[in-house]
Amino acid sequence: MFRTLVFFVGFVMLLGAGVGVAAWPSATRASASGFSSDEMLVRAYARVDTGMPVSQLAAAGFDPAKAERLSRLGLMERYMPKDSAQFDNLDPAVQDCYVGRSDCSAYIFTAMGAEAVLLVKGGRVTWKAISGVAVAKMRRAQRMARQ
């Protein structure tokens, strides 16, 4: 009886530890893109310009090998607006990605609560966006990136 009780308590503790690790906030997600803070992501983002070749992203602070890469179809599933008015308000580079014939994809980098999306067409960044970052933090990081 005691042996069964010890086994049951051990099983419950292991199960609880497994659930706790799986539910832990996005620390693993943040490190998956190689950024330990959203401020590091914002600084790297500020160094990227449209027209920049993907081969130069590493010099800006991004590691494309650690990014989530989405094809055109993946972009449509995840980000495409549901009505035509919102679609018409999109940046022309994004609209061209959705309806154009050329190949486009995106690199998505995450850190803590921030997400940077770099749209790539023909091996060059054609559009970029960042979300989940406070405006003050964004401006400070942009100033630091310029220095």
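This is a dialogue about how to read the main features of a predicted protein model.

Trainee: Where should I begin, and which pattern does the protein follow along the sequence?

Mentor: Begin with the elements of the predicted model: the protein has eight helices and four strands, and read along the sequence they follow the pattern α-α-α-α-β-α-α-α-β-β-β-α. Of the contacts with a separation of 6 or more, 61% are between residues 24 or more positions apart.

Trainee: In what order do the strands stand in the sheet?

Mentor: As a general idea, strands of a sheet pair through backbone hydrogen bonds, either parallel or antiparallel. Here the four strands make an open sheet in the order β1-β2-β3-β4, with antiparallel pairing. Because β1 (68-71) and β4 (124-131) each have a single partner strand, they stand at the edges, and one side of each is left without a neighbour in the sheet. From one strand to the next, the twist averages 20 degrees.

Trainee: How many bridges join β3 and β4, and which residues stand opposite each other?

Mentor: The antiparallel pairing of β3 and β4 extends over seven bridges, with Leu118 opposite Lys128 in β4 and Val120 opposite Val125 in β4. The two strands form a hairpin with two residues between them, and Gly122 in the turn has a positive phi of about 65 degrees.

Trainee: Which residue has a positive phi although it is not a glycine?

Mentor: The general idea is that most residues other than glycine have a negative phi. In this structure Met112 has a positive phi of about 50 degrees, and Met112 is found in the loop between β2 and β3. With a relative accessible area of 45%, Met112 is partly exposed.

Trainee: Which residues touch the most other members of the largest nonpolar core?

Mentor: In soluble globular proteins, nonpolar side chains tend to be buried together. The largest nonpolar core here has 21 residues, and Leu41, Val48, Leu57, Phe62, Phe109 and Leu118 touch the most other members. At least two residues of this core come from each of α3 (38-46), α4 (57-60), β2 (104-111) and β3 (114-121). There is also a second, separate core of 11 residues, which includes Phe87, Cys97, Ala106 and Ile108.

Trainee: What is Leu118 in contact with, leaving aside its neighbours within four places in sequence?

Mentor: Beyond those neighbours, the contacts of Leu118 include Tyr45, Val48, Leu57, Phe62, Phe109 and Trp127, and they also include Lys128, the residue that Leu118 stands opposite in β4.

Trainee: At what angle do α5 and α7 pack, and where does α7 lie?

Mentor: Helix α7 (residues 92-99) lies across β2, β3 and β4, running at about 65 degrees to β3. Helix α5 (residues 72-79) packs with α7 at an angle of about 120 degrees, their axes being 9 Å apart, and the crossing of these two helices is left-handed. Where they meet, Arg72, Leu75, Met76 and Tyr79 in α5 face Cys97, Tyr98 and Val99 in α7 through contacts; of these, Cys97 is also included in the second core.

Trainee: How much of the protein is buried, and how much area does the protein expose?

Mentor: Buried residues make up 31% of the 147 residues, while the protein exposes about 9400 Å², of which carbon and sulfur atoms supply 60%.

Conventions
Residues numbered from 1 in each chain as written. Predicted model: local features only at pLDDT ≥ 70, side-chain atom pairs only at ≥ 80, totals over all residues. Heavy atoms only, no water. Core = buried A, V, L, I, M, F, W, Y, C linked by side-chain atoms within 4.5 Å. Buried < 20%, exposed > 50% of the residue type's maximum accessible area, 1.4 Å probe, protein only. Contact = heavy atoms within 4.5 Å. Areas by Shrake-Rupley, 256 points an atom, 1.4 Å probe, with all protein chains shown as cover. Pairing = 2+ DSSP bridges. Axes fitted to C-alpha atoms, helices over the stretch in contact; angles between N-to-C directions. Left-handed = near helix turned anticlockwise from the far one by under 90°.
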